[in-house]
Amino acid sequence: MNRRALILDELGLSPVWVRKDILAGLQANPTEPMLASVESHSPAPRPQGFSPVAVAAHQALAPLVNQAKFTPPPPQTIPANDPIEDERSQRIARMNWEELNDAVSTCTACPLCEARQKTGGQTVFGTGPMQANIMVIGEAPDADEETQQTPFLGDAGKLLSNMLAAIGEDEQVYKANLLKCRTPNKRNPQAAETLQCAPFLKRQIELIQPQTLLLLGRFAMKTLLESDEPVSVLREALQEYKQIPLVVSYNPSYLLRNLPDKSRAWHDLLRVKAALKSRTQ
Ligand code: URA
(Lines give C-alpha, C1' and ligand atoms only; values in the text may rest on other atoms or scores of the structure.)
Protein backbone atom coordinates (compact mmCIF):
# COMPACT_ATOMS: atom_id res chain seq x y z
CA MET A 1 0.00 0.00 0.00
CA ASN A 2 2.78 2.39 0.92
CA ARG A 3 4.42 1.59 -2.37
CA ARG A 4 1.34 2.62 -4.34
CA ALA A 5 1.03 5.91 -2.49
CA LEU A 6 4.72 6.52 -3.05
CA ILE A 7 4.43 5.82 -6.75
CA LEU A 8 1.38 8.04 -7.10
CA ASP A 9 3.24 10.77 -5.30
CA GLU A 10 6.20 10.19 -7.67
CA LEU A 11 3.91 10.49 -10.66
CA GLY A 12 2.64 13.78 -9.36
CA LEU A 13 -0.88 12.36 -9.35
CA SER A 14 -1.70 12.46 -5.68
CA PRO A 15 -2.92 16.06 -5.35
CA VAL A 16 -5.06 15.70 -8.46
CA TRP A 17 -7.13 13.04 -6.77
CA VAL A 18 -7.97 14.76 -3.51
CA ARG A 19 -11.66 15.64 -3.37
CA LYS A 20 -12.20 19.39 -3.20
CA ASP A 21 -13.95 19.27 0.17
CA ILE A 22 -11.18 17.09 1.62
CA LEU A 23 -8.49 19.34 0.21
CA ALA A 24 -10.20 22.46 1.64
CA GLY A 25 -10.31 20.78 5.03
CA LEU A 26 -6.69 19.74 4.80
CA GLN A 27 -5.62 23.25 3.92
CA ALA A 28 -7.64 24.70 6.80
CA ASN A 29 -6.33 22.13 9.25
CA PRO A 30 -3.43 20.09 7.89
CA THR A 31 -3.47 17.50 10.67
CA GLU A 32 -6.08 15.04 11.83
CA PRO A 33 -9.76 15.94 11.46
CA MET A 34 -10.16 15.70 7.67
CA LEU A 35 -8.04 12.58 7.51
CA ALA A 36 -10.35 11.06 10.07
CA SER A 37 -13.27 11.78 7.76
CA VAL A 38 -11.44 10.18 4.83
CA GLU A 39 -10.63 7.18 6.98
CA SER A 40 -14.26 6.80 7.91
CA HIS A 41 -15.01 6.27 4.17
CA SER A 42 -12.11 3.94 3.66
CA PRO A 43 -10.76 1.41 6.11
CA ALA A 44 -7.37 1.12 4.35
CA PRO A 45 -4.50 1.63 6.81
CA ARG A 46 -2.98 5.07 6.72
CA PRO A 47 0.52 4.96 5.21
CA GLN A 48 3.29 6.53 7.23
CA GLY A 49 5.79 9.11 6.11
CA PHE A 50 3.67 10.90 3.48
CA SER A 51 2.24 14.38 3.32
CA PRO A 52 -1.40 14.71 4.45
CA VAL A 53 -2.37 15.39 0.84
CA ALA A 54 -0.65 12.23 -0.40
CA VAL A 55 -2.26 10.23 2.39
CA ALA A 56 -5.69 11.57 1.52
CA ALA A 57 -5.11 10.75 -2.14
CA HIS A 58 -4.05 7.24 -1.21
CA GLN A 59 -7.11 6.76 0.97
CA ALA A 60 -9.40 8.13 -1.70
CA LEU A 61 -7.93 5.82 -4.36
CA ALA A 62 -7.75 2.64 -2.32
CA PRO A 63 -11.39 1.63 -2.76
CA LEU A 64 -11.21 2.24 -6.50
CA VAL A 65 -8.30 -0.09 -6.97
CA ASN A 66 -8.80 -2.65 -4.23
CA GLN A 67 -12.53 -3.15 -4.40
CA ALA A 68 -12.87 -2.63 -8.14
CA LYS A 69 -15.55 -0.01 -7.50
CA PHE A 70 -15.01 1.28 -10.99
CA THR A 71 -17.67 -0.21 -13.19
CA PRO A 72 -16.67 -0.14 -16.81
CA PRO A 73 -19.34 0.93 -19.26
CA PRO A 74 -20.72 -1.89 -21.39
CA PRO A 75 -18.21 -2.82 -24.05
CA GLN A 76 -18.58 -0.81 -27.18
CA THR A 77 -17.61 -3.26 -29.84
CA ILE A 78 -15.92 -1.84 -32.86
CA PRO A 79 -15.65 -4.62 -35.41
CA ALA A 80 -12.06 -5.49 -36.17
CA ASN A 81 -12.90 -6.48 -39.72
CA ASP A 82 -9.88 -7.69 -41.47
CA PRO A 83 -10.09 -6.70 -45.10
CA ILE A 84 -9.70 -9.61 -47.47
CA GLU A 85 -6.31 -10.70 -46.24
CA ASP A 86 -3.50 -11.13 -48.67
CA GLU A 87 -1.41 -14.24 -48.86
CA ARG A 88 1.35 -12.78 -46.66
CA SER A 89 -1.04 -11.87 -43.87
CA GLN A 90 -2.59 -15.32 -44.00
CA ARG A 91 0.82 -16.93 -43.78
CA ILE A 92 1.73 -14.79 -40.77
CA ALA A 93 -1.61 -15.62 -39.14
CA ARG A 94 -0.57 -19.32 -39.10
CA MET A 95 2.92 -18.82 -37.61
CA ASN A 96 3.99 -20.10 -34.22
CA TRP A 97 5.96 -17.86 -31.85
CA GLU A 98 9.43 -18.80 -33.17
CA GLU A 99 8.39 -18.49 -36.80
CA LEU A 100 6.88 -15.12 -36.07
CA ASN A 101 10.01 -13.92 -34.28
CA ASP A 102 12.15 -15.04 -37.26
CA ALA A 103 9.81 -13.45 -39.77
CA VAL A 104 9.95 -10.14 -37.93
CA SER A 105 13.74 -10.13 -37.61
CA THR A 106 14.23 -10.79 -41.33
CA CYS A 107 11.34 -8.66 -42.60
CA THR A 108 11.96 -6.56 -45.71
CA ALA A 109 8.35 -5.67 -46.47
CA CYS A 110 8.65 -1.89 -46.11
CA PRO A 111 11.39 0.72 -46.61
CA LEU A 112 12.24 0.81 -42.90
CA CYS A 113 14.28 -2.36 -43.45
CA GLU A 114 16.72 -0.43 -45.67
CA ALA A 115 17.62 1.98 -42.89
CA ARG A 116 17.79 -0.94 -40.48
CA GLN A 117 20.17 -2.88 -42.70
CA LYS A 118 22.31 0.19 -43.48
CA THR A 119 22.81 1.07 -39.84
CA GLY A 120 23.13 -2.49 -38.59
CA GLY A 121 19.94 -1.96 -36.60
CA GLN A 122 17.56 -4.66 -35.47
CA THR A 123 13.90 -5.29 -35.02
CA VAL A 124 12.22 -5.07 -31.61
CA PHE A 125 9.77 -7.94 -31.30
CA GLY A 126 8.47 -7.38 -27.75
CA THR A 127 9.26 -8.37 -24.18
CA GLY A 128 7.42 -10.05 -21.34
CA PRO A 129 5.90 -13.38 -20.41
CA MET A 130 3.82 -15.19 -23.02
CA GLN A 131 1.13 -15.81 -20.41
CA ALA A 132 0.85 -12.06 -19.72
CA ASN A 133 -2.40 -10.68 -18.33
CA ILE A 134 -1.89 -7.34 -20.01
CA MET A 135 -0.46 -6.66 -23.44
CA VAL A 136 0.69 -3.07 -23.87
CA ILE A 137 1.04 -1.82 -27.42
CA GLY A 138 2.90 1.34 -28.33
CA GLU A 139 3.99 2.83 -31.62
CA ALA A 140 7.63 2.14 -32.50
CA PRO A 141 10.98 1.73 -30.74
CA ASP A 142 13.52 4.53 -30.56
CA ALA A 143 17.25 4.16 -31.19
CA ASP A 144 18.08 3.00 -27.68
CA GLU A 145 15.19 0.55 -27.62
CA GLU A 146 16.37 -0.78 -30.99
CA THR A 147 19.89 -1.33 -29.65
CA GLN A 148 18.59 -3.13 -26.58
CA GLN A 149 15.77 -4.84 -28.50
CA THR A 150 13.42 -3.81 -25.72
CA PRO A 151 10.39 -1.56 -26.06
CA PHE A 152 9.55 1.20 -23.59
CA LEU A 153 12.91 2.15 -22.11
CA GLY A 154 13.94 5.66 -21.11
CA ASP A 155 11.69 8.18 -19.37
CA ALA A 156 8.55 7.11 -21.24
CA GLY A 157 9.17 3.48 -20.32
CA LYS A 158 9.82 4.42 -16.71
CA LEU A 159 6.56 6.34 -16.53
CA LEU A 160 4.68 3.37 -17.99
CA SER A 161 6.32 0.95 -15.55
CA ASN A 162 5.48 3.22 -12.60
CA MET A 163 1.87 3.46 -13.64
CA LEU A 164 1.59 -0.31 -14.08
CA ALA A 165 3.26 -0.77 -10.69
CA ALA A 166 0.74 1.63 -9.16
CA ILE A 167 -2.09 -0.73 -10.15
CA GLY A 168 -0.03 -3.73 -9.01
CA GLU A 169 0.37 -5.08 -12.57
CA ASP A 170 3.99 -4.54 -13.49
CA GLU A 171 4.93 -8.21 -13.84
CA GLN A 172 2.45 -10.06 -16.01
CA VAL A 173 2.78 -7.58 -18.83
CA TYR A 174 3.90 -8.11 -22.42
CA LYS A 175 5.11 -4.92 -24.13
CA ALA A 176 5.26 -4.54 -27.89
CA ASN A 177 4.89 -1.93 -30.58
CA LEU A 178 2.85 -1.59 -33.72
CA LEU A 179 6.07 -1.15 -35.72
CA LYS A 180 8.95 -3.49 -35.02
CA CYS A 181 11.50 -1.18 -36.64
CA ARG A 182 12.64 2.25 -35.53
CA THR A 183 11.41 5.16 -37.66
CA PRO A 184 13.91 7.86 -38.72
CA ASN A 185 14.09 10.73 -36.21
CA LYS A 186 11.21 9.23 -34.20
CA ARG A 187 8.71 10.24 -36.87
CA ASN A 188 5.20 8.82 -36.78
CA PRO A 189 4.49 5.45 -38.39
CA GLN A 190 3.37 5.75 -42.00
CA ALA A 191 0.45 3.91 -43.57
CA ALA A 192 2.57 1.58 -45.71
CA GLU A 193 4.72 0.60 -42.70
CA THR A 194 1.67 0.00 -40.54
CA LEU A 195 0.05 -2.13 -43.21
CA GLN A 196 3.04 -4.45 -43.41
CA CYS A 197 3.69 -4.65 -39.67
CA ALA A 198 0.07 -5.03 -38.47
CA PRO A 199 -0.16 -8.78 -39.28
CA PHE A 200 2.81 -9.41 -36.93
CA LEU A 201 1.12 -7.55 -34.10
CA LYS A 202 -2.21 -9.29 -34.68
CA ARG A 203 -0.52 -12.69 -34.57
CA GLN A 204 1.31 -11.73 -31.35
CA ILE A 205 -2.03 -10.86 -29.76
CA GLU A 206 -3.56 -14.12 -30.94
CA LEU A 207 -0.71 -16.20 -29.55
CA ILE A 208 -0.49 -14.38 -26.21
CA GLN A 209 -4.25 -14.10 -25.71
CA PRO A 210 -3.90 -11.46 -22.97
CA GLN A 211 -6.77 -10.78 -20.58
CA THR A 212 -6.65 -7.10 -21.48
CA LEU A 213 -5.06 -4.94 -24.15
CA LEU A 214 -3.73 -1.47 -23.42
CA LEU A 215 -3.17 0.60 -26.55
CA LEU A 216 -0.96 3.64 -26.13
CA GLY A 217 -1.39 6.28 -28.77
CA ARG A 218 -3.43 6.70 -31.89
CA PHE A 219 -1.48 4.53 -34.33
CA ALA A 220 -1.97 1.18 -32.62
CA MET A 221 -5.54 2.21 -31.92
CA LYS A 222 -6.22 3.09 -35.55
CA THR A 223 -4.83 -0.25 -36.66
CA LEU A 224 -6.67 -2.52 -34.25
CA LEU A 225 -9.94 -0.62 -33.89
CA GLU A 226 -10.01 0.73 -37.44
CA SER A 227 -11.22 4.03 -36.10
CA ASP A 228 -10.19 7.58 -36.84
CA GLU A 229 -11.55 8.89 -33.55
CA PRO A 230 -8.91 10.60 -31.40
CA VAL A 231 -7.47 8.92 -28.30
CA SER A 232 -9.38 11.43 -26.16
CA VAL A 233 -12.68 9.98 -27.43
CA LEU A 234 -11.92 6.26 -27.60
CA ARG A 235 -10.30 6.20 -24.17
CA GLU A 236 -13.64 7.16 -22.62
CA ALA A 237 -15.06 3.64 -22.83
CA LEU A 238 -13.87 0.08 -22.67
CA GLN A 239 -13.34 -1.21 -26.20
CA GLU A 240 -12.90 -4.72 -27.50
CA TYR A 241 -10.62 -6.41 -30.02
CA LYS A 242 -11.57 -9.95 -31.00
CA GLN A 243 -13.38 -10.35 -27.69
CA ILE A 244 -10.42 -9.10 -25.65
CA PRO A 245 -11.24 -6.01 -23.53
CA LEU A 246 -9.18 -3.11 -24.78
CA VAL A 247 -8.34 0.18 -23.12
CA VAL A 248 -7.06 3.12 -25.15
CA SER A 249 -4.79 5.66 -23.48
CA TYR A 250 -2.14 8.25 -24.17
CA ASN A 251 1.35 7.23 -25.21
CA PRO A 252 3.78 7.81 -22.30
CA SER A 253 6.07 9.85 -24.60
CA TYR A 254 3.13 12.21 -25.11
CA LEU A 255 2.37 12.24 -21.37
CA LEU A 256 5.89 13.42 -20.63
CA ARG A 257 5.11 16.57 -22.63
CA ASN A 258 1.49 16.93 -21.51
CA LEU A 259 1.44 16.55 -17.76
CA PRO A 260 -2.26 17.37 -17.24
CA ASP A 261 -3.22 14.24 -19.20
CA LYS A 262 -1.36 12.08 -16.68
CA SER A 263 -4.40 12.07 -14.44
CA ARG A 264 -6.56 10.90 -17.35
CA ALA A 265 -4.03 8.17 -18.11
CA TRP A 266 -4.27 7.10 -14.47
CA HIS A 267 -8.05 6.68 -14.91
CA ASP A 268 -7.32 4.52 -17.96
CA LEU A 269 -5.02 2.32 -15.89
CA LEU A 270 -7.81 1.87 -13.35
CA ARG A 271 -10.02 0.80 -16.23
CA VAL A 272 -7.40 -1.80 -17.18
CA LYS A 273 -7.39 -3.04 -13.59
CA ALA A 274 -11.18 -3.26 -13.50
CA ALA A 275 -11.29 -5.08 -16.85
CA LEU A 276 -8.71 -7.55 -15.58
CA LYS A 277 -10.65 -8.16 -12.39
CA SER A 278 -13.85 -8.82 -14.26
CA ARG A 279 -12.04 -11.34 -16.51
CA THR A 280 -10.27 -13.20 -13.73
CA GLN A 281 -13.02 -13.32 -11.07
N1 URA B 1 8.76 3.39 -26.53
C2 URA B 1 8.20 2.39 -27.24
O3 URA B 1 8.78 1.31 -27.36
N4 URA B 1 7.00 2.61 -27.80
C5 URA B 1 6.33 3.75 -27.68
O6 URA B 1 5.20 3.89 -28.21
C7 URA B 1 6.92 4.79 -26.93
C8 URA B 1 8.15 4.57 -26.37
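**Entry 1: the sheet**

I began with β1 and β2, which pair in the parallel sense over five bridges. I looked for one contact across this pairing and found that G138 stands opposite N177 in β2. A note to myself: this is a predicted model. As a reminder from class, strands of a sheet pair through backbone hydrogen bonds, either parallel or antiparallel.

Next I followed the sheet outward. It is an open sheet of five strands in the order β2-β1-β3-β5-β4, and the pairing is mixed. Which strands stand at the edges? They are β2 (173–177) and β4 (239–241); each has a single partner strand, so one side of each is left without a neighbour in the sheet. I also looked up the turn between neighbouring strands, which is 30 degrees on average, direction ignored.

**Entry 2: strand β3**

I then turned to β3. With β1 it pairs in the parallel sense over four bridges, and the bridge partner of M135 in β3 is L213. β3 also pairs with β5 in the parallel sense, over four bridges; here L215 stands opposite V248 in β5.

How many residues of β3 are buried? Five of the five are, so β3 is largely enclosed by the rest of the structure. I recalled that in a regular strand the side chains alternate between the two faces of the sheet. I could follow this in β3: T212, L214 and L216 are on one side, L213 and L215 are on the other, and all of them are buried, so to speak covered on both faces.

**Entry 3: two helices**

I looked for a helix on the sheet and picked α14 (residues 261–280). It lies across β1, β3 (212–216) and β5 (244–249), and runs at about 175 degrees to β5.

For α9 (residues 154–166) I checked the length. At 1.5 Å a residue, its 13 residues should span 18 Å, and the end C-alpha atoms are 18 Å apart, which agrees. I listed buried residues in α9, among them L159, L160, M163 and L164. The general rule helped me read this list: an α-helix has 3.6 residues a turn, so residues three or four places apart point the same way. Just after α9, I noted that G168 takes a positive phi of about 70 degrees.

**Entry 4: aromatic rings**

My search of the whole structure turned up three aromatic pairs. In one of them, W97 and F125 have ring centres 5.0 Å apart and planes at 75 degrees, so the pair is edge-to-face. W97 lies in helix α6 (residues 97–105) and F125 in the loop between α7 (112–119) and β1 (134–138), so the pair ties together parts that are 28 residues apart in sequence. W97 is buried at 16% relative accessibility, and F125 is buried at 9%.

I also found Y250 and Y254 stacked, with 5.2 Å from centre to centre and 20 degrees between the planes. Y250 is buried at 10%, whereas Y254 is partly exposed at 26%. Finally, W97, F125 and Y174 form one aromatic cluster.

**Entry 5: cysteines**

How many disulfides are there? I counted zero. Why does C107 not form a bond with C197? The two sulfurs are 6.2 Å apart, too far for a bond, and C197 has the closest cysteine sulfur to C107. For C110, the closest cysteine sulfur is in C181, and at 6.2 Å it is too far as well. I noted that C107 is buried at 16%, and that C110 is buried at 13%.

Key:
Residues numbered from 1 in each chain as written. Predicted model: local features only at pLDDT ≥ 70, side-chain atom pairs only at ≥ 80, totals over all residues. Heavy atoms only, no water. Disulfide = S-S within 2.5 Å. Buried < 20%, exposed > 50% of the residue type's maximum accessible area, 1.4 Å probe, protein only. Phe/Tyr/Trp six-rings, centres within 6.5 Å; stacked < 30°, edge-to-face > 60°. Helix = DSSP H or I, 4+ residues; strand = E, 2+ residues; numbered from the N terminus. Pairing = 2+ DSSP bridges. Axes fitted to C-alpha atoms, helices over the stretch in contact; angles between N-to-C directions. Contact = heavy atoms within 4.5 Å. Expected span 1.5 Å × (residues − 1).
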